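Work through these exercises with the model open beside you. Try each task before reading its solution.

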Amino acid sequence: MSQHILPTAMLGILGGGQLGRMFTMSALSMGYRVTVLDPDTESPAGALADVHLCAAFDDPAALQQLADTCVAVTTEFENVPAASMAFLEQHIRVSPSSDAVSIAQDRIREKRFIANAGLQVAPFIAIESLNDLEQDLAGHLPGILKIARLGYDGKGQVQVSSPEQAKAAFLDMDSKPCVLEKKLDLQTEISVIVTRSGSGHSICFPVAENQHAGGILDISIVPARVEASVAGHAREMALQLAESFDYVGVLAVEFFVLDGGELLINEIAPRPHNSGHYTLNATQVSQFDQQVRAMCGLNPGETQLLSPVVMVNLLGDIWGDDEPAWDILLSQPNVHLHLYGKKSARIGRKMGHFNVLAENADTALQQALELKERLKQP
Ligand code: ADP
Ligand code: MG
């Protein structure tokens, strides 16, 4: 992994959504070429890449073409078929590894891995059959039943407060493997994004404080308004986890903060993360620059915060018949708009985000909330 891959090499990415698009923009601006594999003809990343392989993620010919034409491959999402990653690994550099990705795509394996690494997770039990719900559940109720695979943005999650409700919810999810997690009283939520190179150099981005609405990330505030000791502890835990995976690439770690500053790891993502979009404007390098650097065997760039920042997600909800009134954002000299080029807006669909930079996080937050409110108006 020590050999550097340099421009104008061709880099590959599995997945062509907004994360793939922002990766592509970073790679292109550094002088690399990019091939995107995504079955969507209107893929946001495919529209910018040198080559868009419009095929399924397990299409043998498309995978062969990636292997033949790219020097290294990464991914923008965790639900890539494990066999596809394993095939590519036989031919070219793949980061993160298929092992790391397959652990992150299964909540049961993910939580066990984190706990085995000596790090704390929310109390949970694996539910693989109705039998698993016959045990004493008292310590995990009221709880949240979460589907083990393919859940995201709060989808595949049901709150349950009795064993009967848990059973009904499990059957409702077609008896697919789940975790039952105790519902916790959260003081706040934070996340840390780590970049680790093949030579073992690791660096964290500043800690983000995350607010969700309807199960979807709404706002990230940086620096997070938590004690310095809590932020420091979160960074240490994230670094330790990246080390345990012998990870190469960008790893996002979501935390629950409980009263007294106790930290539990909620979940991880083996890729750049929505809560790291602030790095496009407020740090020396972005999380997408880091993804390029890590897959190319380069050391991570500096992550120092250049300005307090608040990121606001733009969901399809604010699209009417017309585009939202973008001059509300673009007329502000300290606001940076990022749109993903998606053709159709739907409720809950991530269409873009904006970053507000200000002298402190509270001022940025206030302005961000005002702008968000004005965008909603007809
Ligand atoms: P997703 O993959 O959809 O992001 P998460 O497990 O991160 O799933 O859950 C989404 C959100 O739901 C979390 O960010 C948090 O706000 C809330 N949540 C999840 N699990 C718990 C829990 N055990 N206790 C309290 N809130 C939770
Ligand atoms: Mg989450």
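Buried means under 20% relative accessible area, exposed over 50%, and partly exposed in between (1.4 Å probe, protein chains only). This is a predicted model: local features need pLDDT of at least 70, side-chain atom pairs count only at pLDDT 80 or more, and totals for chains, interfaces and linings use all residues. Residues are numbered from 1 along each chain as its sequence is written, chains are lettered from A and ligands numbered from 1 in the order in which they are written, and side-chain values use heavy atoms, leaving out hydrogens and water.

**Exercise 1.** Are Arg-271 and Glu-78 buried or exposed? Describe their link.

Step 1. Both Arg-271 and Glu-78 are buried.
Step 2. Their side chains form a salt bridge, 2.6 Å from N to O. A salt bridge here is a side-chain nitrogen of Lys or Arg within 4 Å of a carboxyl oxygen of Asp or Glu.
Step 3. The partners are 193 residues apart: Arg-271 in the loop between β15 and α8 (279-282), Glu-78 in the loop between β4 and α3 (82-89). Helices (H or I, at least four residues) and strands (E, at least two) are DSSP runs, numbered from the N terminus.

**Exercise 2.** Find the acidic partners of Arg-196.

Step 1. Arg-196 meets Glu-243 in a salt bridge (3.3 Å, N to O). Arg-196 sits in strand β10 (residues 188-196) and Glu-243 in helix α7 (residues 228-245), 47 residues apart.
Step 2. Arg-196 has a relative accessible area of 5% and is buried. Glu-243, at 45%, is partly exposed.
Step 3. Asp-246 also forms a salt bridge with Arg-196, with the closest N and O atoms 3.1 Å apart. Asp-246 lies in the loop between α7 and β14, so this pair ties together parts 50 residues apart in sequence.
Step 4. Asp-246 is exposed, at 54% relative accessibility.

**Exercise 3.** Which residues are the protein donors of the magnesium ion (ligand 2)?

Step 1. They are Glu-254 (OE) and Glu-267 (OE), 2.0 to 2.4 Å from the ion. Donors are N, O and S atoms within 2.8 Å of the metal (3.2 Å for Na, K and Ca); water is not among the atoms, so sites may look incomplete.
Step 2. Glu-254 belongs to strand β14 (residues 249-257) and Glu-267 to strand β15 (residues 263-269), so the pair joins parts 13 residues apart in sequence.
Step 3. Glu-254 is buried at 14% relative accessible area. Glu-267 is partly exposed at 22%.
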